[in-house]
Amino acid sequence: MDEQVRTPFGDFPDARRAVDAVAELAAPVAEALKNWDADLARSVLYVDTDPELADTAVFCAAYGVPVEASANCVVVAAKRGGETTLAAGLVLATTRLDVNKAVRGHLGARKASFAPMDAAVDGSGMEYGGITPVGLPAHWPLLVDAAVAATPWVLVGSGRRRGKLLLPGAAVAALPGATVLDGLAG
């Protein structure tokens, strides 16, 4: 039987270590946890939630989560010289990803915009509305706002619309391919 755990915030009827809930996660997320540093992977918590309540504001109200403890993972398409690169930006839900200056500048792109839904879903192997920084393709840059990395605990998607992950900000900063940047959020 999976061990129930106490979450640092929120009111969740089912909370456990994500490594004990891999059947509930999108395949890339489960695989990433399996191949990540064991201590960091064990720090990630999974909470089972209603997929109809997945959008940030509704979710936070329904589960008693402070919005400043929630982060959004945004997939961006950066273009330069006819080539398109997908990348992800992670910012606190109280802010917005600065796609036009911070992301475009860091990636050296001529143009950057939110990736089309199909490209984000197909490229990540995750469900729209549940895309998470855990388990993104290795070749995607993962840009993390410094405020997320400094957060004691942050809530992100699980790769599916059902369920969320809670992990220390320091663990987010330690994800493979992560680059922590000041000023990523506007």
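**Salt bridges, sheet and core in a predicted model**

Biologist: At what relative accessibility does Arg161 count as partly exposed?

Modeller: The class lies between two limits: buried is under 20% relative accessible area and exposed is over 50%, using a 1.4 Å probe and protein chains only. Arg161 falls between them, at 24%.

Biologist: What kind of model is this?

Modeller: Residues are numbered from 1 along each chain as its sequence is written, and side-chain values use heavy atoms, without hydrogens and water. Local features need pLDDT of at least 70, side-chain atom pairs count only at pLDDT 80 or more, and totals for chains, interfaces and linings use all residues, because the model is predicted.

Biologist: Which residue forms a salt bridge with Arg161?

Modeller: A salt bridge needs a side-chain nitrogen of Lys or Arg within 4 Å of a carboxyl oxygen of Asp or Glu. Here the closest N and O atoms are 3.8 Å apart. The partner is partly exposed, with a relative accessible area of 47%. It is Asp55.

Biologist: How many residues apart are Asp55 and Arg161?

Modeller: Helices (H or I, at least four residues) and strands (E, at least two) are DSSP runs, numbered from the N terminus. Asp55 lies in the loop between strand 2 (45-47) and helix 3, and Arg161 in the loop between strand 7 and strand 8. The pair links distant parts of the chain, 106 residues apart.

Biologist: Which residue pairs with Glu127 in a salt bridge?

Modeller: The closest N and O atoms are 4.0 Å apart. Glu127 lies in the loop between helix 5 (117-124) and strand 6, its partner in the loop between strand 7 and strand 8, so the bridge ties together parts 33 residues apart in sequence. The partner is Arg160.

Biologist: How many salt bridges does the whole structure hold?

Modeller: One of them joins Glu31 to Lys34, with the closest N and O atoms 3.7 Å apart. Both residues lie in helix 1, about one turn of the helix apart. The search of the whole structure finds 5.

Biologist: Why do the buried residues of helix 1 line one face, and how wide is their arc?

Modeller: Val29, Ala30 and Leu33 are buried. Ala27, Lys34 and Asn35 are exposed on the other side. The arc covers the directions from the helix axis to the C-beta atoms. The buried residues line one face because their arc is within 100°.

Biologist: Which elements do the buried residues of helix 1 pack against?

Modeller: Contact means heavy atoms within 4.5 Å. Leu33, one of the buried residues, touches Ala18, Val19, Leu25, Ala41, Val44 and Val134, leaving out residues up to four places away in sequence. The packing partners are helix 2 (38-43) and strand 8.

Biologist: Which residues touch the most other members of the largest nonpolar core?

Modeller: A nonpolar core is a set of buried Ala, Val, Leu, Ile, Met, Phe, Trp, Tyr and Cys residues joined through side-chain atoms within 4.5 Å. The largest one has 36 residues. Elements giving two or more residues include helix 1 (27-35), strand 3 (71-80) and strand 4 (83-92). The residues asked for are Leu33, Leu165 and Leu167.

Biologist: In what order do the strands of the open sheet stand?

Modeller: Two strands pair if DSSP finds at least two bridges between them. The sheet has 5 strands with mixed pairing, in the order 5-3-4-6-9. Strand 5 (111-114) and strand 9 (178-181) each have a single partner strand, so they stand at the edges. From edge to edge, the order is 5-3-4-6-9.

Biologist: How many bridges pair strand 3 with strand 4?

Modeller: The two strands form a hairpin with 2 residues between them, and Gly81 in the turn has a positive phi of about 55°. Asn72 stands opposite Val91, and Ala77 has Leu86 as bridge partner. The sense is antiparallel, and the bridges number 10.

Biologist: How many residues of strand 4 are buried?

Modeller: Strand 4 also runs parallel to strand 6, joined by 3 bridges. Ala88 has Leu142 in strand 6 as bridge partner. Strand 4 is largely enclosed by the rest of the structure, because its buried residues number 7 of the 10.
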